[in-house]
Amino acid sequence: MAGGSETKAGANAELQTATKVVHAGRDPQRFDGFVNTPVVRGSTVLSATYDDLVHHRGRYSYGRRGNPTTESFEAALKALEGGDGVALTPSGLSAVSLSLLSVLDAGDHLLMVDTAYRPTRTFCDQVLKRLGIETSYYDPLAGADIEAFIRGNTRAIFLESPGSQSFEMQDVPAIAAVARARGITTLIDNTWATPLYFKPHAAGVDISIQAGTKYIGGHADLNLGTISAVGAAWKKVSATHGTMGITISPDDAALGARGLRTLAVRLDRHWRSGLEVAEWLAARPEVSRVLHPALPTDPGHAIWKRDFAGATGLFSFILKDVPDRAVAAFFDALTLFGMGYSWGGYESLAIPFNCADYRTATPWDVEGPAVRLHIGLEDVADLKADLDQAFARMHAAQ
Ligand SMILES: *Cc1c(COP(=O)(O)O)cnc(C)c1O
């Protein structure tokens, strides 16, 4: 975990993010000049002498505790997140669950944002509840008013901004400031923005979580979670990660690192194409509203502009009210957009959703069926043409 291996370039705090993405965590001369850190498979690590063995002098001690492949990837992520250390987990959801288990004890209270990724809620409502930890859900628009929901035993506040599926922007610095003043740990699921477009630690958040499955992996071929933390929170995450025996395979670490090297250029394209499609949709007669914080008309736009360095390719829109069969015709007509969960890969995706199915603290009153899109790396004119012909099929089915 954590990791000291870094190229000279990666260690230089003056470098721009796009440069760090390329250089951080690599040390080619350590591996006979090969550009990428090799995939090192191994459990047992041999010591050269009895003295080295009993005094734990080796750089590595045992496969579960890290190897050159995982260490190199952790060092790259640490340089981007700017925290005290990074832990890798086998999925985004396990990064969420491990982080919460690291900072909460029986009898504690957790404030969870109502717009969190749905399986995060299920973990709280089932596992944390069984362990005697109470979760209550708060309005994502709470900002500094979060103070009103804090109880004597509130130990953690969990954020996700923009919100899953509906893209409400949270005032992260305001919430983090209230929490810090009261000694409450803050955690954020920062998967949408990635550490390239939003830096949770700079905004005062203790634990920054990524589903590396999404943009870091970037190719729909990997499940991965990353946890970056600062101060006392890093000590807790590091200890819990180690004692629970959480590891990822060196192959998955290498795939994560490979995705990371092209992240800046991919995100830039997802951002621009996504915004172009969002603007195009906003002008369509079939669409009631587009939920995308980079649109100037979006209620969260001012916060996005203040806090974020960019937008990515995931957003939603609300259709004007149409019958189910017309929605089905729209989805079935799509040829370039795949129908599937997850996102962050190079390919475009579409799913229907309904937040009323699970939210408890905030209403979900919308004008019609809701659709989430992931805009991939295809030519944007082709994507618009695909949506255009799907709208035509939708009309024909009404
Ligand atoms: C996908 C996702 C996760 C979970 O990642 P997995 O690797 O599928 O477990 C967590 N949070 C957000 C916001 C996600 O989109």
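Threonine 70 is buried in this model, with a relative accessible area of 8%, and the model itself is a predicted one. The place of this threonine is in helix α4, which covers residues 68-81. From there its side chain reaches the backbone nitrogen of asparagine 67, at 3.0 Å. Once the neighbours within four places in sequence are left aside, threonine 70 is in contact with Leu88, Ile248 and Ala253.

From this helix the reader can move to the ligand and to the residues around it. Those residues are Ser91, Gly92, Leu93, Tyr117, Glu160, Asp189, Thr191, Ala211, Thr213, Lys214, Asn223 and Trp343. Several polar approaches to the ligand can be followed atom by atom. In the case of glycine 92, a backbone N or O atom lies 2.8 Å from an oxygen atom of the ligand. With threonine 213, by contrast, the side chain is involved, since one of its N or O atoms is 2.5 Å from a ligand oxygen. Lysine 214 also takes part through its side chain, where a polar atom lies 2.5 Å from an oxygen atom of the ligand.

Lysine 214 deserves a longer look. An unreviewed UniProt entry lists Lys214 under "modified residue: N6-(pyridoxal phosphate)lysine". In the model this lysine sits in the loop between strand β6 (207-211) and strand β7 (225-229). Is lysine 214 buried or exposed? Its relative accessible area is 9%, and because buried means under 20%, lysine 214 counts as buried. Apart from residues up to four places away in sequence, lysine 214 touches Thr191, Ser342, Trp343, Gly344 and Gly345. Of these, Thr191 and Trp343 are also listed among the residues around the ligand.

Another loop, the one between β4 (154-160) and α7 (172-181), holds proline 162. The peptide bond that leads into this proline from serine 161 is cis, with omega near -5°. Serine 161 belongs to the loop between β4 and α7 as well, and it is buried, with a relative accessible area of 1%. The side chain of serine 161 reaches the backbone nitrogen of glutamine 170 at 2.9 Å. Beyond its neighbours within four places in sequence, serine 161 is in contact with Glu168, Met169, Gln170, Val172, Ile188, Asp189 and Phe308, and Asp189 appears again among the residues around the ligand.

Further along, glutamine 165 is also found in the loop between β4 and α7, and its phi is near 70°, a positive value in a residue other than glycine. Phenylalanine 167, in the loop between β4 and α7 too, likewise has a positive phi, near 65°, without being a glycine. Both side chains can be placed by their accessibility: glutamine 165 counts as buried at 14%, and phenylalanine 167 counts as buried at 2%.

The path now turns to two helices, α11 and α14. At 1.5 Å a residue, the 20 residues of α11 should span 28 Å, and the end C-alpha atoms are indeed 28 Å apart. Among the buried residues of α11 are Leu263, Leu267, His270, Trp271, Leu275 and Leu281.

Helix α14 runs over residues 380-396, and for its 17 residues the expected span is 24 Å, with which the 25 Å between its end C-alpha atoms agrees. Its buried residues are Val380, Leu383, Lys384, Asp386, Leu387, Ala390, Phe391 and Met394. Seen down the axis of α14, these buried residues fall within an arc of 155°, so they line one face of the helix. A general feature of such helices helps to picture this: an α-helix has 3.6 residues a turn, so residues three or four places apart point the same way. The cover over the buried residues of α14 includes α11 (263-282), β8 (287-291), β9 (314-319), α13 (324-333) and β12 (370-374). At the N-terminal end, aspartate 379 caps α14, with a side-chain oxygen 2.9 Å from the backbone nitrogen of alanine 381.

The last stop is proline 296, in the loop between β8 and α12 (301-307). Proline 296 is exposed, with a relative accessible area of 63%. Between proline 296 and valine 54 there are 62 Å in space, C-alpha to C-alpha, and the two are 242 residues apart in sequence.

Definitions and conventions: Residues numbered from 1 in each chain as written. Predicted model: local features only at pLDDT ≥ 70, side-chain atom pairs only at ≥ 80, totals over all residues. Heavy atoms only, no water. Helix = DSSP H or I, 4+ residues; strand = E, 2+ residues; numbered from the N terminus. Expected span 1.5 Å × (residues − 1). Buried < 20%, exposed > 50% of the residue type's maximum accessible area, 1.4 Å probe, protein only. Arc of directions from axis to C-beta. Contact = heavy atoms within 4.5 Å. Polar contact = N/O pair within 3.5 Å; in protein donor to acceptor, adjacent residues only side chain to side chain. UniProt positions renumbered as here; feature names shortened; annotations may be inferred. Near = heavy atom within 4 Å.
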